[in-house]
Amino acid sequence: MSDYTNAPGTKLLATRCAVCSRPLLDAVSVERGIGPDCWKRYGTHVDPTRPAQWEAVMAALDGIEAVADVNPTLTPRDAANKLVYRIAIEQDGFAVLMRAEAIRLLGFDRLAWRIIERASDIRVVEGTTDKNDPCLYVTAPYNELSYTSWRALGAYWRKGEKRWCITVTSIGGMAAKRKGLWDLLKRFYSGKLGFGEHGPFVVRSAVSVAA
Ligand SMILES: [Zn+2]
């Protein structure tokens with residue numbers, strides 16, 4: 001893990017914004033890994049609304065970031081800045097989502113979610129419907145073949161939000177719906193990067209075992 005600091009690429013300059021992925025055009029932006037617009041919207045205005053959860057931050061970064069680089073001796077702001085810079089260099093992948101999760105755990109929710117939205121294919125959040133029933137909101141790329149499977153799960157498409165709402169109508173139904181959702185994802189979204197209640201995940205297709 002500590003070898004990370006010697007890895008080639010660590011010294012690379014950020015050329016694209018960590019938040020929106022557009023090219024960085026001036027020296028200041030390159031230095032912080034965020035372009036001027038995203039800095040204004042997500043950089044300067046974000047203050048942690050809750051204390052940094054350092055133990056969880058370090059767990060999220062285990063094997064991804066050198067402890068010497070990001071650790072509880074830093075202010076949450078400085079730690080987030082370092083992670084943003086690394087995200088700007090790498091742009092995509094599981095480690096980028098783990099760093100975004102760490103930024104979220106540091107207290108910078110808005111910044112983290114903006115990066116998560118850009119860098120993940122699938123997002124799953126628990127919520128409630130307009131009728132106040134529990135549900136799962138799922139954002140996933142369009143896949144024509146999956147439509148009937150979504151409907152079979154009791155999902156309906158929320159056009160304005162561009163995401164599925166999987167309704168949960170029975171007690172204990174949430175676990176069953178989660179299981180059904182996972183089966184659907186494995187079937188239609190194998191290899192995709194997702195982000196859920198427990199942070200980032202990769203959809204792995206079920207390995208068929210001869211019975
Ligand atoms: Zn940007």
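I take two strands as paired if DSSP finds at least two bridges between them. With that in hand I looked at strand E5 (residues 193-196) and E6 in this predicted model. The two pair in the antiparallel sense, over 4 bridges. I then looked up what faces Leu-193, and found Val-202 in E6 standing opposite.

Next, the sheet. I noted an open sheet of 6 strands with mixed pairing, in the order E3-E4-E2-E1-E5-E6. Strand E3 (155-158) and strand E6 (199-202) are its edge strands, each pairing on one side only. I read an average turn of 30° between neighbouring strands of this sheet, direction ignored.

Overall layout. I listed 8 helices and 6 strands in the protein. Along the sequence I wrote down the pattern α-α-α-α-α-α-β-β-α-β-β-α-β-β. For extent, I took the box filled by the C-alpha atoms along the principal axes, roughly 50 × 45 × 35 Å. I found that 30% of the 211 residues are buried. Of the contacts between residues at least 6 apart in sequence, 57% join residues at least 24 apart.

Confidence. I noted a mean pLDDT of 89 for the protein, with 90% of its residues at 70 or more. Among the elements, I found the lowest mean pLDDT (89) in helix H2 (residues 36-43) and the highest (97) in helix H3 (residues 54-61). Over residues 1-6 pLDDT stays under 50, and for this stretch I noted 12 contacts beyond four places in sequence. Where pLDDT is low, I do not read the predicted coordinates in detail.

Definitions and conventions
Residues are numbered from 1 along each chain as its sequence is written. This is a predicted model: local features need pLDDT of at least 70, side-chain atom pairs count only at pLDDT 80 or more; totals for chains, interfaces and linings use all residues. A residue is buried if 20 or more other C-beta atoms lie within 10 Å of its own, exposed if 12 or fewer, and partly exposed in between; C-beta atoms are placed from the backbone. Two residues are in contact if their C-beta atoms, placed from the backbone, lie within 7 Å. pLDDT is the predictor's confidence in each residue, from 0 to 100. Axes are lines fitted to C-alpha atoms, for helices over the stretch in contact, and angles run from 0 to 180 degrees between N-to-C directions.
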